[in-house]
Amino acid sequence: SERAPIAKDGKPSPILLVPLLQAQNQLDEIAELIESEDIDSWRKANKALRRKPFSPTNELKRLFNAYSDNIYFSDASRKNMYLDGSAMLGQGKSTFGFGTMAVGSGGASPESKDTLTYLYRNEVLNNMDALTAELAYLIKQTDADVDEPTDDLFLYLQKSRDNFKKYFENIPEQDLSQARNYVENSKSK
């Protein structure tokens with residue numbers, strides 16, 4: 001299984017948040033390009049969305065999972081097990097085919113805050129995928145002189161940004177502060 005690297009206190013190290021904060025900063029820069037509604041800026045944004053950390057999607061997911069509390073397992077038979085309530089409660093057969101399992105049989109039992117963090121992570125990933133696809137589509141349509149509405153593009157952009165923010169709001173303030181300090185210090189060098 002893939003587990004978050006831990007610090008001395010048994011919790012994920014705040015340094016693992018740094019790539020996510022940098023990705024959020026990159027998304028803010030991409031947002032400026034998209035919001036300009038200029039086709040050349042859109043091409044730059046499209047190029048940026050097709051590089052790490054946004055592409056492939058598994059790369060961004062890996063960055064989120066590096067900090068997460070054992071939410072993700074690389075073993076497909078255990079993936080998302082905690083979301084299966086019957087397995088986690090040890091009541092009856094799992095709908096994922098695990099048999100009867102007790103709480104904690106595959107990683108940390110998530111708290112509601114963990115579940116929300118996971119939800120925000122998924123919302124970022126889903127909306128980033130949709131944003132990337134919509135932007136590529138709109139560029140093709142513009143190149144073909146076909147006028148298309150941009151409502152969806154801006155919706156996916158806003159949802160991506162909002163859920164990144166919500167994800168970080170769910171992170172312990174001390175960890176987030178340490179990671180932000182590191183990002184700021186690395187910018188000034």
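This passage describes the helices, the nonpolar core, one helix pair and the backbone irregularities of a predicted model.

The protein chain holds seven helices and zero strands, and read from the N terminus its elements run α-α-α-α-α-α-α. Of the 189 residues in the protein chain, 41% are buried. Among the contacts with a separation of 6 or more, 68% are between residues 24 or more positions apart.

In soluble globular proteins, nonpolar side chains tend to be buried together. The largest nonpolar core of the model has 37 residues, and the members that touch the most others are Leu20, Ile34, Leu60, Phe164 and Phe168. At least two residues of this core come from each of helix H1 (18–35), helix H2 (39–49), H3, helix H5 (112–143), H6 and helix H7 (173–187). When neighbours within four places in sequence are left aside, the contacts of Leu20 are Leu60, Leu63, Phe64, Phe164, Tyr167 and Phe168.

Several of these contact partners also take part in ring pairing. Four aromatic pairs were counted in the model. One of them is formed by Phe64 and Tyr167, which meet edge-to-face with 4.8 Å centre to centre and 80 degrees between the planes. This pair links distant parts of the chain, 103 residues apart: Phe64 belongs to helix H3 (residues 57–67) and Tyr167 to helix H6 (residues 151–169). The angle between the planes is 80 degrees, and the pair is classed as edge-to-face because the limit for that class is over 60 degrees. Phe64 has a relative accessible area of 0% and is therefore buried. Tyr167 likewise has a relative accessible area of 0%, so Tyr167 is buried. Ring pairs join Phe64, Phe164, Tyr167 and Phe168 into a cluster. Each of these four residues is also listed among the contacts of Leu20.

Two packed helices are described by the angle between their axes and the distance between the axes. For H1 and H2, the angle is about 150 degrees and the axes are 7 Å apart. H1 and H2 are therefore roughly antiparallel to each other, since angles over 145 degrees are placed in that class. The crossing of H1 past H2 is left-handed. H1 contributes Ile30, Leu33 and Ile34 to the contact, while H2 contributes Ser41, Trp42, Lys44, Ala45, Ala48 and Leu49. Ile34 is also one of the core residues that touch the most other members.

Ile30, which is located in helix H1, has a relative accessibility of 3% and so counts as buried. Beyond residues up to four places away in sequence, Ile30 touches Ala45, Ala48, Leu49 and Phe54. Of these partners, Ala45, Ala48 and Leu49 are on the H2 side of the helix contact. The C-alpha atom of Ile30 is separated by 9.2 Å from that of Leu157, a residue 127 positions away along the chain.

On H2, Asn46 was examined as well. Asn46 counts as buried because its relative accessibility is 16%, and the cut-off for that class is under 20%. Outside its neighbours within four places in sequence, Asn46 is in contact with Thr132, Leu135, Ala136 and Ile139. The range given for helix H5 is 112–143.

Most residues other than glycine have a negative phi, and most peptide bonds are trans. The model departs from this pattern at the following positions. Phi of Glu37 is positive, near 55 degrees, although the residue is not glycine. Glu37 sits in the loop between H1 and H2 and, with 53% relative accessibility, counts as exposed. A positive phi is also found at Asp145, near 60 degrees, again in a residue other than glycine. Asp145 is placed in the loop between H5 and H6 and counts as exposed at 73% relative accessibility.

Cis peptide bonds are present as well. The bond from Lys52 to Pro53 is cis, with omega near 10 degrees, and Pro53 is in the loop between H2 and H3. Ser55 and Pro56 are also joined by a cis peptide bond, for which omega is about -5 degrees. Pro56 too lies in the loop between H2 and H3.

Key:
Residues are numbered from 1 along each chain as its sequence is written. This is a predicted model: local features need pLDDT of at least 70, side-chain atom pairs count only at pLDDT 80 or more; totals for chains, interfaces and linings use all residues. Side-chain values use heavy atoms; hydrogens and water are left out. Rings of Phe, Tyr and Trp (its six-membered ring) pair if their centres lie within 6.5 Å; planes under 30 degrees apart count as stacked, over 60 as edge-to-face and the rest as tilted. Helices (H or I, at least four residues) and strands (E, at least two) are DSSP runs, numbered from the N terminus. Buried means under 20% relative accessible area, exposed over 50%, partly exposed in between (1.4 Å probe, protein chains only). A nonpolar core is a set of buried Ala, Val, Leu, Ile, Met, Phe, Trp, Tyr and Cys residues joined through side-chain atoms within 4.5 Å. Contact means heavy atoms within 4.5 Å. Axes are lines fitted to C-alpha atoms, for helices over the stretch in contact, and angles run from 0 to 180 degrees between N-to-C directions. Angles under 35 degrees count as roughly parallel, over 145 as roughly antiparallel, 65 to 115 as roughly perpendicular and the rest as oblique. A crossing is left-handed if the near helix is turned anticlockwise from the far one by less than a right angle, and right-handed if clockwise.
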